[in-house]
Amino acid sequence: MFHVFNHSLFKSLLFMGSGAVLNATGARDMEHLGGLIHRMPVTALAFLAGCIAISALPPFNGFVSEWLTFQAILVSPQLAEWIPRLLVPAVGATLACSAALAAACFVKAFGISFLGRPRSSAAATARETDRWSLAAMLALALLCLLAGILPGFVIDALAPVTQMTVGAHLAPQASQPWLRIVPIDPARSVYNGLLVFTMIAVAAATTALTVRRVASHALRRAPAWDCGFPEPSPATQYTAGSFAQPILRVFGSVVFRAREHLAMPRPGERGAARLGVELHDTLWEVFYQPLAAAVDALAERLNRLQFLTIRNYLTLVFSALVLLLVVVAAT
Amino acid sequence: MTPASWLTQIAQALAVLALAPLLTGVSRALRARLLRRRGPALLQPYRDLLKLVRKEVVVADSASWLFRAAPYLVFASTWVAAALVPTFATGLAWSAAADLIVIVALLGTARFLLALAGLDVGTSFGGLGSSREMLFASLAEPAMLMAVFTLSLLAGSTQLSSISEFLVSAAVGPNISLALALVALIIVALAENARIPVDNPATHLELTMVHEAMVLEYSGRHLALIEAAAALKLLLYLSLIACVFLPWGTAVAGAGPEWYALGLLAWLAKLALLAFALALFETAIAKMRVFRVPEFLGVALMLGLLATILLFVSRVPQ
């Protein structure tokens, strides 16, 4: 339930962020974006918060609900039935995999659209969105952070809802010392979002201060080094497609039956080389398409019923009536 | 949270920070010796860090604030994660706030930010590094979590202090799940620290590089922070393996000062042992192709899952 609530926060935030980008650049394809962090700094900040939250990373809220789910998985060997006991570890592994893949996905989404150098003139001249949209996005980002730092209050507020849906809820968390959350037993597992956030903040501040005191302050702006390639064009950057390519090759070759086609022009020809990627949605092809085909075939058969004579219709009505009477009599 | 636990916690945070570069130095020197080279001095990583800190920083024109903020945040989250692993004593103040899953997730945050920083400048090398790092992470992180699940199911807690105290008690005999989790954890540790079969920490210009490509644009104090974070991460993983699988000698909360001294010595001995094992392994094996690495990590994931499922099946419902 907490996870659903969190999703309502960061999903809205991310959709608003992408809406702002779409509005500013008119581009929906990530391959035409890039470098937006310079042109739209506030949107970038809010979008970054949403990305970290959805990737289930501390100290944001996505992590807290994932952590609670893991805790629930870890008590499930106490379940009496066999099938859930065998399914639960698989669910845990799937959840862990999907969290890690979500992180990869959002590194790609944020990195390609907001970081790097602009890949089109629309991205290079983008303008920050209006003040109200920014305020809404920043408010959602702040809520994501607050729900991650002080999860106890959210859990308590959601307790009546879980009571209604599954008939149970966690013990009240607000009475716990130090604003920590304790799902089952303090000896078993405790998470304190506030303390984790404070630790990171204190560690970062100490580091920054020490470095400031000890280290050299000199800073020089220079062209990117890139191992000695001078002034590369923005087209040489990693694109969304190239970022995802290894992951696609590892995971996608079975699930999505991804195939890469490379069409190279023969030596001497001046045509461009093309690299195409072919993807299949297995679920769509194996499940939905046969279903749709069956419905189609059935409709084709039934279509003939529309062109019968009045005698045939009367027979049909009569037999339907007899059938119904038999059913009623039988029950 | 007692004052003693806070004292232990702060001592521990400073100890990991002070010893992390030494561990890197020791593992490099051991490796050099095994290759019949003389190798760098043990204290060389400290000198490197000091030199980097004093140097001027060169930032690319196209870099944003994220590029400059990332090293501090990466270092901070790695440091916090490393301070959470009981090294010479259990009963740390912060273990009442964060468990093993939090440690994994903090490392995830650090990696997320570093991968973003790799994409920030907009060069092909940075993107290459980030892309591959996230590929490896997408398998290493679940594998690590599965190993964590195994330990927590055995010990009935996700807190590292409790797990360590449980494993040192006589209640656990040799356990097949534990062995599988150990193998999974070692594979993850090798991959996450960019050690040899996965990546080579000593190379700088090679097309197979992952971590080094991602931080290619960093220099000066920023690079020093990233190197220090990498050293901390190595220390974290070795301490974690030591704390869980070699839990003997660690001082428990409330023990006398002589036990803390003993715990410190035991920790140093364990680290030296593991650093030697690492060096031995690294000299004995060749680096893999990038697309072989997911198979290597997939083995870790499967072993972790197998260990968890065995525990689920073998436990009698209460």
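Select helices α9 and α10 of chain B: α9(B) passes α10(B) in a right-handed crossing. The model on display is predicted. Helix α9(B) covers residues 220–245, and its axis lies 10 Å from that of α10(B), at an angle of about 115 degrees. That angle makes α9(B) roughly perpendicular to α10(B).

Now show the side chains at this crossing. On α9(B), select Leu238(B), Ile241(B) and Ala242(B); they meet Trp267(B), Lys270(B), Leu271(B), Leu274(B) and Ala275(B) of α10(B). By class, this contact comprises seven nonpolar residues, no polar residue and one charged residue.

Keep α10(B), residues 257–284, in the selection and add α1(B), residues 3–34. The two axes come within 9 Å and cross at roughly 45 degrees. The helices α1(B) and α10(B) are therefore oblique to each other. The crossing of α1(B) past α10(B) is right-handed.

Which residues of α1(B) meet α10(B)? They are Leu23(B), Val26(B), Ser27(B), Leu30(B), Arg31(B) and Leu34(B). Opposite them on α10(B), select Leu271(B), Ala272(B), Ala275(B), Phe276(B), Leu278(B), Ala279(B), Leu280(B), Glu282(B) and Thr283(B). The contact of α1(B) with α10(B) divides into eleven nonpolar, two polar and two charged residues. Leu271(B) and Ala275(B) of α10(B) appear in the contact with α1(B) and also in the contact with α9(B).

Next, select chain B as a whole and colour it by secondary structure. Chain B holds eleven helices and one strand. Along the sequence the pattern reads α-α-β-α-α-α-α-α-α-α-α-α. The C-alpha trace of chain B spans about 60 × 45 × 40 Å along its principal axes. For 318 residues, a compact globule would have a radius of gyration near 20 Å, and the 19 Å of chain B agrees with this.

Turn then to the strand of chain B, β1(B), residues 57–60, and display β1(A) with it. The two strands pair in the parallel sense over four bridges. To inspect one of the pairings, select Arg220(A), whose bridge partner in β1(B) is Val58(B).

Finally, widen the selection to the contact between the chains, which takes 74 residues from chain A and 77 residues from chain B. On the side of chain A, the elements that give two or more residues are α2 (36–39), α4 (61–75), α5 (82–114), α9 (193–214), β1 (219–222) and α10 (240–255). Which element of chain A gives the largest share? Helix α5(A) does, with 15 residues. Coloured by class, the side of chain A that touches chain B shows 51 nonpolar, 15 polar and eight charged residues.

Notes. Residues numbered from 1 in each chain as written. Chains lettered and ligands numbered in written order. Predicted model: local features only at pLDDT ≥ 70, side-chain atom pairs only at ≥ 80, totals over all residues. Contact = placed C-beta atoms within 7 Å. Nonpolar A, V, L, I, M, F, W, Y, C, P; charged D, E, K, R; others polar. Pairing = 2+ DSSP bridges. Axes fitted to C-alpha atoms, helices over the stretch in contact; angles between N-to-C directions. Parallel < 35°, antiparallel > 145°, perpendicular 65-115°, else oblique. Left-handed = near helix turned anticlockwise from the far one by under 90°. Rg over C-alpha atoms; globule rule 2.2 N^0.38 Å.
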